[in-house]
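Me: I am new to this structure and would like to understand the reasoning behind the words used to describe it. Could we go through them one at a time?

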Amino acid sequence: MTFDNFIGNASNVAALRRMIVAQRLPQTLLFAGPAGVGKATLARLIAAAINCDRAVGDICGACSNCLRTLQADLSREEFRQQIAEREKLPSAKRSENPLVVSTHPDFLIFPPDGPLRMITIEQARLLRDAAQYRPSEGRRRIFLIDHVDRANNEAANSLLKTLEEPADSLTLILTAENPYFLLPTIRSRSIPFYFAPLSGTEMERFLDAHPSIPAADRGRLVGWAQGSPGRALALDIDEYAERRRAMLALLSSSLGVSSFGNLVAHTDALARNRHERLDLLTESLYGLLQDLLHLRHGSARPLMHEDIRGDLEGLARVASFDWIERAVKELADLDALQRRNIQKQIALEALTVGLRQAARTGTS
Ligand SMILES: [Zn+2]
């Protein structure tokens with residue numbers, strides 16, 4: 001992987017490359033934007049370019065510094081497993097041995113840890129200690145704090161101390177989906193780069209570069225991944241389609257287009273699958289409701305679920321704006337409730353009953 005096959009957010013890539021060549025890269029960078037658009041990938045490329053033995057401000061891809069730095073890809077199976085295994089550890093064990101991923105002594109990644117996927121105070125302390133050392137093999141040390149918006153206040157305050165006086169030879173790259181969740185003092189000490197979702201054409205280019213993804217799935221993936229290559233790679237097509245079928249049945253039953261019994265058949269199957277998560281079901285529903293809104297507005301942009309446009313057009317004919325608005329609001333309430341471990345089948349059926357009532361009476 002080099003800068004040339006990094007797809008999307010080209011102006012950020014160009015600006016950062018110019019800064020590396022001119023040796024004017026700011027010491028603390030904040031990469032902000034949606035999940036899966038390549039923030040951590042670009043951080044890894046920057047780390048390789050800074051320490052490459054052969055190229056100036058670029059990645060030769062063959063020297064030992066490049067090779068080892070580029071290995072630190074958290075989407076690789078070994079790291080995914082390592083992070084998943086840690087979820088099962090008692091929290092005291094995790095605290096004793098804070099999570100840091102490193103395949104090169106001068107490139108350290110601090111990803112969120114534990115079942116709640118948080119950046120912990122122990123990681124922040126470890127980072128602070130590690131920040132005192134000089135580079136051992138490269139020109140600079142690069143620390144990536146991935147999802148810094150998942151640091152609690154205690155961890156964030158500890159990180160702040162490192163950000164206030166970073167060692168001369170240290171570059172810090174922070175990533176965040178929502179930079180406004182950060183302490184203002186952290187935001188103000190970093191130079192922000194905003195990352196956008198990839199366009200449809202960019203997504204097609206990305207999928208073309210991944211021959212392991214069957215050609216038949218690509219059209220649907222472009223819609224479903226919503227401009228996020230990371231999401232496209234992680235998405236299980238069959239699972240996603242099954243979930244969507246159930247949520248489409250829920251909408252159809254909620255609008256009185258199909259019977260309640262039809263929905264129960266689907267939610268029964270979901271309830272039996274213990275791995276199915278309510279947040280993924282509500283996310284699927286949000287996507288379908290968003291498409292219904294676009295259809296009602298007569299918007300020309302492609303739907304997220306273009307492959308079932310016919311079904312959605314049928315529902316959009318009977319769904320009023322008021323009803324869609326109400327459905328989105330009730331879904332948000334359900335999202336808030338799900339932290340309390342509610343039973344997913346009961347929750348979804350109750351949502352449907354409420355929305356059926358609203359559709360019949362035409363109230364909002
Ligand atoms: Zn190199």
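Reply: What follows is a set of questions about the terms applied to this predicted model, each answered by setting a value against its definition.

Me: What makes the arrangement around the zinc ion tetrahedral?

Reply: The zinc ion is coordinated by the SG atoms of Cys-52, Cys-60, Cys-63 and Cys-66, at 2.3 to 2.4 Å, and a sulphur atom counts as a donor within 2.8 Å of the metal. Four donors count as tetrahedral if all angles lie between 85 and 135 degrees; the angles here are 102 to 119°, so the arrangement is called tetrahedral. Along the sequence, the donor residues are spaced C-x7-C-x2-C-x2-C.

Me: Why is Cys-52 called buried, and why is Cys-60 called partly exposed?

Reply: Buried means under 20% relative accessible area, exposed means over 50%, and partly exposed covers what lies in between. Cys-52 has a relative accessible area of 0%, so it is buried, whereas Cys-60 has 29% and therefore counts as partly exposed.

Me: How do you know that Phe-31 and Phe-195 form a tilted pair?

Reply: Rings pair if their centres lie within 6.5 Å, and the pair is tilted when the planes are neither under 30 degrees apart nor over 60. The ring centres of Phe-31 and Phe-195 are 5.0 Å apart and their planes stand at 45°, so the pair is a tilted one. By this rule the count of aromatic pairs comes to four, and ring pairs also link Phe-31, Phe-193 and Phe-195 into a cluster.

Me: What makes it fair to say that the pair of Phe-31 and Phe-195 ties together separate parts of the sequence?

Reply: Phe-31 belongs to strand β1 (residues 28-32), while Phe-195 sits in the loop between β6 (191-194) and α9 (200-208), so the pair joins parts that are 164 residues apart in sequence. Both residues fall below the limit for burial, because Phe-31 has a relative accessibility of 0% and Phe-195 has a relative accessible area of 5%.

Me: How do you know that the buried residues of α9 line one face of the helix?

Reply: The buried residues of α9 are Met-203, Phe-206 and Leu-207. Seen down the helix axis they fall within an arc of 95°, so they line one face of α9. An α-helix has 3.6 residues a turn, so residues three or four places apart point the same way. Thr-201 and Asp-208 are exposed on the other side of α9, and the buried residues pack against α10 (215-224) and α11 (229-234).

Me: Why can the same be said of helix α15, whose buried residues also line one face?

Reply: In α15 (residues 309-318) the buried residues are Leu-312, Leu-315 and Ala-316. Viewed down the axis of α15, these residues fall within an arc of 105°, so they too line one face. The face turned away from the buried side carries the exposed residues Gly-310 and Arg-317, and the buried residues of α15 pack against α12 (237-254) and α14 (278-297).

Me: Why is His-305 called buried, and what is it in contact with?

Reply: His-305 lies in the loop between α14 and α15, and its relative accessible area is 0%, so by the limit of under 20% it is buried. Contact means heavy atoms within 4.5 Å. Leaving aside neighbours within four places in sequence, the residues that His-305 contacts include Trp-224, Tyr-240, Asp-291 and Leu-312.

Me: What makes the phi values of Asn-9 and Arg-117 worth a remark?

Reply: Most residues other than glycine have a negative phi. Asn-9 nevertheless has a positive phi, near 45°, and Arg-117, which is not a glycine either, has a positive phi of about 50°. Asn-9 is placed in the segment before α1 (10-21) and is buried, because its relative accessible area is 13%. Arg-117 is found in the loop between β3 (107-110) and α6 and, with a relative accessible area of 30%, is therefore partly exposed.

Definitions and conventions. Residues numbered from 1 in each chain as written. Predicted model: local features only at pLDDT ≥ 70, side-chain atom pairs only at ≥ 80, totals over all residues. Heavy atoms only, no water. Buried < 20%, exposed > 50% of the residue type's maximum accessible area, 1.4 Å probe, protein only. Helix = DSSP H or I, 4+ residues; strand = E, 2+ residues; numbered from the N terminus. Arc of directions from axis to C-beta. Donors = N, O, S within 2.8 Å, 3.2 Å for Na, K, Ca; no water. Tetrahedral: all angles 85-135°; square planar, octahedral: opposite > 155°, others 65-115°. Phe/Tyr/Trp six-rings, centres within 6.5 Å; stacked < 30°, edge-to-face > 60°.
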